[in-house]
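Please look over the structure shown below before reading on. The report that follows takes up a few of its features in turn.

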Amino acid sequence: MKIAEVSDRYGISPDTLRYYERIGLIPPVNRYENGIRDYNELDLRRVEFIKCMRSAGLPVEVLIAYVGLVQQGDRTIQARKEILKEQRRLLVARMKEMQKTLDILDHKIDVYENAVLKREKEMIQAEDQALEII
């Protein structure tokens, strides 16, 4: 798969894909004779993993450390697991904070909606009273 196709599939710019390759998050991608990158299934799985981890908020530096450990083999399994567990803990904390923010927004929206409903009721009552006078 060419870089433009990978970019479209994962919503990652070609420049970002090249950057990930340059800093070692993705090993050098095979190339056609003309130099165009040819991503294979393993490359795509790596891109998908990186995208997922970046979406979760993992810094590039943490991913670089993680990939470095993967390249060292099975003796680093525990260290990799610890990185993932810590990042999960941080993500859960961010999600709780986001939920708190969402709850505040929902409350504020309810306040405004109730204020609008109250005004509408008052306007209807005022119109009814005006009609009674006529």
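## Buried and exposed positions

T76 is buried, with a relative accessible area of 4%. The model is a predicted one, and in this model T76 sits in the loop between α4 (60–71) and α5. Its C-alpha atom is separated by 9.4 Å from that of Y66, the two residues being ten residues apart along the chain.

I133, by contrast, counts as exposed, because its relative accessibility is 75% and exposed means over 50%. This residue is found in helix α5. Between the C-alpha atoms of I133 and G11, which are 122 residues apart along the chain, the separation is 65 Å.

## Salt bridges

Side chains of opposite charge can pair when their charged atoms come close. How many salt bridges does the structure hold? There are four salt bridges in the structure, and the table below lists some of them, including the distance between the closest N and O atoms.

| Pair | Closest N and O atoms |
|---|---|
| D15 and R18 | 2.7 Å |
| R37 and E21 | 2.6 Å |
| R89 and E86 | 2.7 Å |

The partners D15 and R18 both lie in helix α2 (residues 14–22), where they are three residues apart, about one turn of the helix. D15 counts as exposed at 56% relative accessibility, whereas R18, at 31% relative accessibility, counts as partly exposed.

The salt bridge that R37 forms with E21 joins two elements: R37 lies in the loop between α2 and α3 (41–55) and E21 in helix α2, so the pair ties together parts that are 16 residues apart in sequence. Are these partners buried or exposed? R37 is buried, with a relative accessible area of 14%, and E21 counts as buried at 13% relative accessibility, because buried means under 20% relative accessible area.

Helix α5 holds both R89 and E86, which are three residues apart, about one turn of the helix. R89 is partly exposed, its relative accessible area being 46%, and E86 likewise counts as partly exposed, at 33% relative accessibility.

## A patch of negative charge

Which residues gather in a patch of negative charge on the surface? The patch brings together D103, D106, D110 and E113. Of these residues, D106 can be placed in helix α5 (residues 77–133), and D106 is partly exposed, with a relative accessible area of 38%.

## Aromatic pairs

A pair of aromatic rings is described by the distance of the centres and the angle of the planes. When the whole structure is searched, two aromatic pairs are found. One of them is formed by Y19 and Y20, whose rings have their centres 6.1 Å apart and their planes at 45 degrees, so this pair is tilted. The angle leads to that description because planes under 30 degrees apart count as stacked and planes over 60 as edge-to-face, with the rest counted as tilted.

The two tyrosines can also be compared by their accessibility: Y19 is partly exposed, with a relative accessible area of 33%, whereas Y20, at 8% relative accessibility, counts as buried.

Key:
Residues are numbered from 1 along each chain as its sequence is written. This is a predicted model: local features need pLDDT of at least 70, side-chain atom pairs count only at pLDDT 80 or more; totals for chains, interfaces and linings use all residues. Side-chain values use heavy atoms; hydrogens and water are left out. Patches are made of residues with over 30% relative accessible area and no salt bridge: like charges are joined within 9 Å, nonpolar side chains (Val, Leu, Ile, Met, Phe, Trp, Tyr) within 5 Å. Accessible areas come from the Shrake-Rupley method with a 1.4 Å probe; for residues, only the protein chains shown count as cover. A salt bridge is a side-chain nitrogen of Lys or Arg within 4 Å of a carboxyl oxygen of Asp or Glu. Lys and Arg count as positive and Asp and Glu as negative; His and the chain ends are not counted. The place of a charge is taken as NZ of Lys, CZ of Arg, CG of Asp or CD of Glu. Helices (H or I, at least four residues) and strands (E, at least two) are DSSP runs, numbered from the N terminus. Buried means under 20% relative accessible area, exposed over 50%, partly exposed in between (1.4 Å probe, protein chains only). Rings of Phe, Tyr and Trp (its six-membered ring) pair if their centres lie within 6.5 Å; planes under 30 degrees apart count as stacked, over 60 as edge-to-face and the rest as tilted.
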